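Reader: I'd like a close look at one part of this protein, namely how its helices pack against each other. Could you walk me through it in plain words?

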Amino acid sequence: MASTLLALLDDIATLLDDVAVLSKAAAQKTTGVLGDDLALNAQQVSGIRAERELPVVWAVAKGSLRNKAILVPAALAISAFVPWIVTPLLMLGGAYLCFEGVEKLAHKFLHKAEEEAEHAQQVQALSDPAVDLVAFEQDKIKGAIRTDFILSAEIIVITLGLVAGSSLTTQVLVLSGIAVLMTVGVYGLVGAIVKLDDLGLYLSRKAESWKQSLGGLLLVAAPRLMKTLAVVGTAAMFMVGGGILVHGMPPVHHAIAHLAQSMPGAPVLPWLVATLGDVLVGIACGAAVLAVVEGFGKLRGR
């Protein structure tokens, strides 16, 4: 009995070790989606009254958990019954990440006037007493949950690609753990980010000079943090999405790996070359998908 118990404990320890390693790898692979998720969700709750920001974040977080409660069993079913579809789904997820990144860049540089006009209309609508703020808030929540479903699907598919060859128990633990970890991490940080300016305003009104200085620093840092998150999230989307696509195209992967290994000097240079290769492939694939989508949209309009 003692030997059986020791064998069972050894199996549990091995399983937990596998889960920990795979969860760490999944968290690293999904950083691109996480950065984009943070930026998008923080932007989604902009325009909400200050006292309603945290309740809105909580409502979206609950919606995110419902999304993952649908996506995780679906991913497990795919792994059990149609495992061959995991690689195509990964490639689609990578292509979508790159498309989304290129679309954001195109919208920023090619449609800047439209974006500013839309923001001005939103500010004007919020200042209008005739506007139904409850309906506005519900629209924001629904829009954020729809966005979260897409981003959560990307996270689950990327994670599924890493654990597809593992046991069912490992798959369940890793997928569930990543789903909960990403939800808590993302919406915990979103809640902190959207209240950062309120904290700065609160401290700036205190009598102590150091609190006033800290408050002023937070007020300046809050909008810059949002912009930094958006930039880092977009760059990470190309890195992660491009990396997925490169690994799914062996000739391209071998060419980039060979070029990176031929670089002299410290290990940093080969890593930079490999990363730049992933980013360039991601931008090229994203631009191609955007061109197809735009072309299809024009044909449909005609």
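Author: Here's a walk through two helix pairs, with a stop at an aromatic pair and at the record.

First, the small print: this is a predicted model, where local features need pLDDT of at least 70, side-chain atom pairs count only at pLDDT 80 or more, and totals for chains, interfaces and linings use all residues. Residues are numbered from 1 along each chain as its sequence is written, and side-chain values use heavy atoms, with hydrogens and water left out.

Helices here are DSSP runs (H or I, at least four residues), numbered from the N terminus. Take helix 3 (residues 53-81) and helix 7 (residues 168-194): they pack at about 160°, with axes 10 Å apart. The axes are lines fitted to C-alpha atoms over the stretch in contact, and angles run from 0 to 180 degrees between N-to-C directions. That makes the two helices roughly antiparallel (the label for angles over 145 degrees). Helix 3 passes helix 7 in a right-handed crossing, meaning that the near helix is turned clockwise from the far one by less than a right angle.

Who touches whom, counting heavy atoms within 4.5 Å as contact? On the helix 3 side you'll find, among others, Glu53, Leu54, Val57 and Lys68, and helix 7 brings residues including Leu168, Gln171, Thr183 and Tyr187. By class, this contact has 15 nonpolar, six polar and two charged residues. Here Ala, Val, Leu, Ile, Met, Phe, Trp, Tyr, Cys and Pro count as nonpolar, Asp, Glu, Lys and Arg as charged, and the others, Gly among them, as polar.

Now compare helix 8 (residues 196-204) and helix 9 (residues 209-247), which pack at about 160° with their axes 7 Å apart. That makes helix 8 roughly antiparallel to helix 9. The crossing of helix 8 with helix 9 is left-handed (anticlockwise, in that case). Leu196, Asp197 and Gly200 are among the helix 8 residues in the contact, and helix 9 offers Lys211, Gly215 and Gly216, among others. The tally for helix 8 with helix 9 is nine nonpolar, five polar and two charged.

On to the rings, which pair if their centres lie within 6.5 Å. The count is one aromatic pair. Tyrosine 96 and phenylalanine 99 have ring centres 6.0 Å apart and planes at 50°, so the pair is tilted (under 30 degrees would be stacked, over 60 edge-to-face). Both sit in helix 4 (residues 86-110), three residues apart, or about one helical turn.

Finally, the unreviewed UniProt entry lists residues 70-99, 149-168, 174-196, 229-249 and 269-293 as "transmembrane region"; such annotations may be inferred rather than shown by experiment. In the model, residues 229-249 are 90% helix, with end C-alpha atoms 30 Å apart.

Conventions. Parallel < 35°, antiparallel > 145°, perpendicular 65-115°, else oblique. Contact = heavy atoms within 4.5 Å.
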